[in-house]
Amino acid sequence: IAFAEDSVRKEGKTYEILLDGQQRLWAVINSNKPTKMMVTRGLPIDIQLTVDDHAKRTVTHVAALRRGMGDKTVTSLHAAIGRTIWIHGFGYNKVLISNETSVEFIAKYYEGIDFAVTEVFHGRRKRGVTQSGVLAVVTQAFYAKEDKERLKEFGKVMLDGVPANEGDYGALALREWTLTHTTSGSGGTKEVYWKTQRVLRSFLDRQPVKKIYEAREQLFAMPESTPRSNTPRKSK
């Protein structure tokens, strides 16, 4: 049984934080039999990120346990956006992004990711439209210091399908495409990501687009990243 060095106060009482052994303690309660166990106190709370990891935690679970995340909400969509930027924005190998690495990455770019989720798309989920390939590009545009109000207009057209003028037609075309195409797996996310790059660039520039194509290069480079091409490298 392991307890953290941290404690919490509730209704005037101080409680220790249990890090490991919850199932065993419930077993003791259910069996109604006393059991001797080793008890350890004073452990760093961050140890819970790896304790008993054979019962695999999701990114959202790890984020909830991580010291420093405060009251930040990390949903499965936040996690998917971070993963998409990791792979397509930075070009990192998807195999290298563990849950802990993913949470650190999300924490670093949380402001932009949450802006895309809560301010551009208002926390709404619309099948096909609000997928990580779309929101990842909006996040990158946030860090590229694009017009935030115009980004919010992009989200409105994507959600409601009502363009205000010809410069909005690209978002409408992208919306219709995401609604009618099945995009599953990493290949599908990649296609959505690069098409959104080109459409969002045109939308921000208020250029009418009726047919959408994938961008050939990174149009919204992330800080600290190396601009990437959408052309696969030839193997030697």
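Trainee: Which helices help to cover the buried residues of α5?

Mentor: In this predicted model, the cover over the buried residues of α5 includes α3, α4, α6 (132-143) and α7 (148-160).

Trainee: How many residues of helix α5 are buried?

Mentor: The helix spans residues 110-120, and eight of its eleven residues are buried, so α5 is mostly covered. The buried ones are Y110, G112, I113, D114, F115, A116, V117 and V120. Find them in the structure above, then look outwards for their neighbours.

Trainee: Let me try a neighbour in α3. Is H78 buried or exposed?

Mentor: Its relative accessibility is 2%, and buried means under 20%, so H78 counts as buried. H78 belongs to helix α3. Leaving out residues up to four places away in sequence, H78 touches T73, I106, Y110, I113, D114 and V117. You have already met Y110, I113, D114 and V117 among the buried residues of α5.

Trainee: With which side chain does the side chain of H78 make a polar contact?

Mentor: With the side chain of T75, at 2.7 Å.

Trainee: Now I would like to compare two helices. At what angle do the axes of α3 and α4 cross?

Mentor: Imagine a straight line through each helix. For α3 (residues 76-89) and α4 (residues 99-108), the two axes come within 9 Å and cross at roughly 90 degrees. An angle of 65 to 115 degrees counts as roughly perpendicular, and α3 and α4 are therefore roughly perpendicular to each other.

Trainee: Which residues of α3 meet which residues of α4?

Mentor: On the α3 side you will find H78, A79, G82, I85 and W86, and they meet T101, F105 and I106 of α4. Sorted by class, this contact has five nonpolar residues, three polar ones and no charged ones.

Trainee: Let's move on to strands. How do I read a sheet?

Mentor: Start with the general idea: strands of a sheet pair through backbone hydrogen bonds, either parallel or antiparallel. Here three strands make an open sheet with mixed pairing, in the order β2-β1-β3. The edges are taken by β2 (13-20) and β3 (40-43); each has a single partner strand, so one side of each has no neighbour in the sheet. Direction ignored, neighbouring strands of this sheet are turned by 55 degrees against each other on average.

Trainee: Which way do β1 and β3 run, parallel or antiparallel?

Mentor: They run parallel, and two bridges join β3 to β1 (residues 2-10). To see this pairing, look for A4, which stands opposite L43 in β3.

Trainee: And how many bridges pair β1 with β2?

Mentor: There are six bridges, and this pairing is antiparallel. A good place to look is R9, which has T14 in β2 opposite. Strands β1 and β2 also form a hairpin, with two residues between them.

Trainee: What is the phi of E11 in that turn?

Mentor: It is positive, about 55 degrees. To judge such a value, remember that most residues other than glycine have a negative phi.

Trainee: Where else should I look for a positive phi?

Mentor: Try two loops. H122 has a phi near 55 degrees, a positive value in a residue other than glycine. H122 comes just after α5, in the loop between α5 and α6. The second case is K145, with a positive phi near 60 degrees, in the loop between α6 and α7.

Trainee: Are H122 and K145 buried or exposed?

Mentor: The cut-off for exposed is over 50%. H122 has a relative accessible area of 52%, so H122 is exposed. K145 counts as exposed too, because its relative accessibility is 72%.

Trainee: One last topic: sequence distance and distance in space. How far apart are V39 and I1?

Mentor: In sequence they are 38 residues apart, whereas in space their C-alpha atoms are 4.7 Å apart. V39 sits in the loop between α1 (22-31) and β3. Not counting residues up to four places away in sequence, V39 touches I1 and F3. With a relative accessible area of 42%, V39 is partly exposed.

Methods:
Residues numbered from 1 in each chain as written. Predicted model: local features only at pLDDT ≥ 70, side-chain atom pairs only at ≥ 80, totals over all residues. Heavy atoms only, no water. Axes fitted to C-alpha atoms, helices over the stretch in contact; angles between N-to-C directions. Helix = DSSP H or I, 4+ residues; strand = E, 2+ residues; numbered from the N terminus. Parallel < 35°, antiparallel > 145°, perpendicular 65-115°, else oblique. Contact = heavy atoms within 4.5 Å. Nonpolar A, V, L, I, M, F, W, Y, C, P; charged D, E, K, R; others polar. Buried < 20%, exposed > 50% of the residue type's maximum accessible area, 1.4 Å probe, protein only. Polar contact = N/O pair within 3.5 Å; in protein donor to acceptor, adjacent residues only side chain to side chain. Pairing = 2+ DSSP bridges.
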